[in-house]
Every structure is written in structure tokens, then in C-alpha cells.
Amino acid sequence: MVSVGSVFSNIWSGLSSDFRKKNFSLYGQWIAIITIFLCLALGVANIFHFSVVIVFSIICIVQGLVVVFVEIPFLLKICPLTDTFTNFVKRFDENLPRCGFYLLMAAIQWLSLVVSATSLIVVAVFFTLASACYGFAVLKHQEFQRSSLQVAGDPDTVEGQVGAHIARNVL
């Protein structure tokens, strides 16, 4: 059985390994993962306004769910989704398309300021930061990379092999 301490140790080592690579696409990915939680939390929190902000709240929640599939492609394999949605998400497997994707997401949330200044501005800022990171990766000619995070554990250990075996069985 994998202990909670070993899971956090794997997350921390994967995170520190990613930051040592100095690749902006990895920074963009981590910012986007944080944005997922912000979208869901702030989208729900702002849904109780009695104005057009409700529309932007719902859009924010949907954006968070779409970003889950863009940033965690493993979920595309285990969740029953349409081929259209899967092909749409797979278009964002390079730095430039992701830069544009997050810039569009940020623009939508920046438009919420026209209605009212709410906490959705935090989501807009984080989408802008994610877009900027992917944009810097394009400008620096860095190749697109995914995080090296392994929550299941190191594949060279017994715990990691058990985690990989369970993941294969699920798929």
C-alpha cells in the first residue's frame, strides 16, 4: 500500500524536477492546473450574484472542466467522451495552440469586468499567466513538455510497479 507521505514525496520531487528543467511549457502546465481549482471554486462562489456575472461564473466552471482534460490527458482515456471533444482537446498538444487557448480563456474572463469587478479577475490573471508561459516557450523555441510527476510512484520500486499495474488494469 502506498503511504500518503510517499505520494507527497513523489509530487514534490516531480514538481522540483519540472522547475529545474527551466521549460516554460512546464510552468504553464502547473499554472493551468492551479487555475483548474480556481475556476471551479470561484465559479461556484460567483454563481450567487444576481446579475450577468452568473453567465461568466458558469463559463468559468466549464472552462475549468475543459482545462482538466487539456492538462491531464490521462483522463481522456478513462472518461467516456465524444470523439469530437477528444479531437478538440488533442489540438492543444503544442506550445503555440495552448498559448492561444489560454489567451482566449483569459479574454473571456477579462470581459466579466465589464459587468462587475468580482473575484473572477483572479481566474483571468492566472489564464493570462499560463498563456504567457506558453508564449515564452514559443519565443524561446522550447519544445512542448509534460510534467514528469508520478503520483503512482517510482516505476523502479515495488509500489510504483503496483501503481502502474493498477493503472493498466483500469485502462
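Is Asp93 buried or partly exposed? Keep that in mind as we walk through this predicted model; Asp93 comes up at the second stop.

**First stop: Glu71 and Arg98**

Select Glu71 and Arg98 and show their side chains. They form a salt bridge, with 2.9 Å between the closest N and O atoms. Now colour the helices: Glu71 sits in helix H3 (residues 53-71) and Arg98 in helix H6, so this pair ties together parts that are 27 residues apart in sequence. Turn on a surface, and you will find that both Glu71 and Arg98 are buried.

**Second stop: Asp93**

Keep Arg98 selected and add Asp93. Their side chains meet in another salt bridge, at 3.9 Å from N to O. Here is the reply to the opening question: Asp93 is partly exposed, because its relative accessible area is 32% and the partly exposed class runs between 20% and 50%. Arg98 has a relative accessible area of 1%, so it counts as buried. Show the three residues together and you have a salt-bridge network linking Glu71, Asp93 and Arg98. The structure holds two salt bridges.

**Third stop: a nonpolar patch**

Next, select Trp110, Leu113, Ile121, Val122, Val125 and Leu129. Together they make a nonpolar patch on the surface, with about 420 Å² of accessible area. Helix H6 (95-115) and helix H7 (120-139) are the elements that each give two or more residues to it. Which helix gives the most to the patch? That is H7, with four residues.

Finish by centring on Leu129, which lies in helix H7. Its relative accessibility is 40%, so Leu129 counts as partly exposed.

Key
Residues are numbered from 1 along each chain as its sequence is written. This is a predicted model: local features need pLDDT of at least 70, side-chain atom pairs count only at pLDDT 80 or more; totals for chains, interfaces and linings use all residues. Side-chain values use heavy atoms; hydrogens and water are left out. Patches are made of residues with over 30% relative accessible area and no salt bridge: like charges are joined within 9 Å, nonpolar side chains (Val, Leu, Ile, Met, Phe, Trp, Tyr) within 5 Å. Accessible areas come from the Shrake-Rupley method with a 1.4 Å probe; for residues, only the protein chains shown count as cover. A salt bridge is a side-chain nitrogen of Lys or Arg within 4 Å of a carboxyl oxygen of Asp or Glu. Buried means under 20% relative accessible area, exposed over 50%, partly exposed in between (1.4 Å probe, protein chains only).
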